[in-house]
Amino acid sequence: MTTVFLFVFGIGLLAVAYHGHQVGEIPAGSAGWKPYRPSRSESPGAFYFFLTLYICAGLALLVWGVLVVAGLAPPLPLN
């Protein structure tokens, strides 16, 4: 179950990063009451920062899931 959790969230983060790269706008939290979505044209620094963050987090979750399957990493303590 832990591995499925890691794979689903890892693939989800990579899907958000891919979609954001295609569209040129990525969700990155909120600024007050409205969502903050940096775009490639308006704020390229923030856009590429969050894109890199999503990619690294997604890959880390996928690698952790593979290591759990291989028996090299402890599973998540989900009760």
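Buried means under 20% relative accessible area, exposed means over 50%, and partly exposed lies in between (1.4 Å probe, protein chains only). Keep these cut-offs at hand for the exercises.

The model is predicted: local features need pLDDT of at least 70, side-chain atom pairs count only at pLDDT 80 or more, and totals for chains, interfaces and linings use all residues. Residues are numbered from 1 along each chain as its sequence is written, and side-chain values use heavy atoms, with hydrogens and water left out.

**Exercise 1. Describe the fold of the protein chain.**

Step 1. Find the elements. Helices (H or I, at least four residues) and strands (E, at least two) are DSSP runs, numbered from the N terminus. The protein chain has 2 helices and 2 strands.

Step 2. Read along the sequence. The pattern is α-β-β-α.

Step 3. Check the dimensions. The C-alpha atoms fill a box of roughly 45 × 25 × 15 Å along the principal axes.

Step 4. Check burial. Of the 79 residues, 27% count as buried.

**Exercise 2. Classify the ring pair Phe-5 and Phe-9, and state how exposed each residue is.**

Step 1. Recall the rule. Rings of Phe, Tyr and Trp (its six-membered ring) pair if their centres lie within 6.5 Å; planes under 30 degrees apart are stacked, over 60 edge-to-face, and the rest tilted.

Step 2. Count. The rule gives 4 aromatic pairs. In one of them, Phe-5 and Phe-9 lie 4.7 Å centre to centre with 55° between the planes, a tilted pair.

Step 3. Locate the pair. Phe-5 and Phe-9 are 4 residues apart in helix 1 (residues 2-23), so about one helical turn separates them.

Step 4. Apply the burial cut-offs. Phe-5 has a relative accessible area of 37%, so Phe-5 is partly exposed. Phe-9 is partly exposed too, at 45%.

Step 5. Try another pair. Phe-49 and Phe-50 have ring centres 5.2 Å apart and planes at 75°, so this pair is edge-to-face. Tyr-36, Phe-49 and Phe-50 form one aromatic cluster.

**Exercise 3. Find the largest nonpolar core and follow one of its residues.**

Step 1. Define the core. It is a set of buried Ala, Val, Leu, Ile, Met, Phe, Trp, Tyr and Cys residues joined through side-chain atoms within 4.5 Å.

Step 2. List the members. The largest core has 7 residues: Ala-17, Ile-26, Ala-28, Phe-47, Phe-50, Leu-51 and Tyr-54. Helix 2 (residues 44-70) gives the most, with 4 residues.

Step 3. Follow Ile-26. Contact means heavy atoms within 4.5 Å. Not counting residues up to four places away in sequence, Ile-26 touches residues including Val-16, Gly-20, Tyr-36 and Pro-38.
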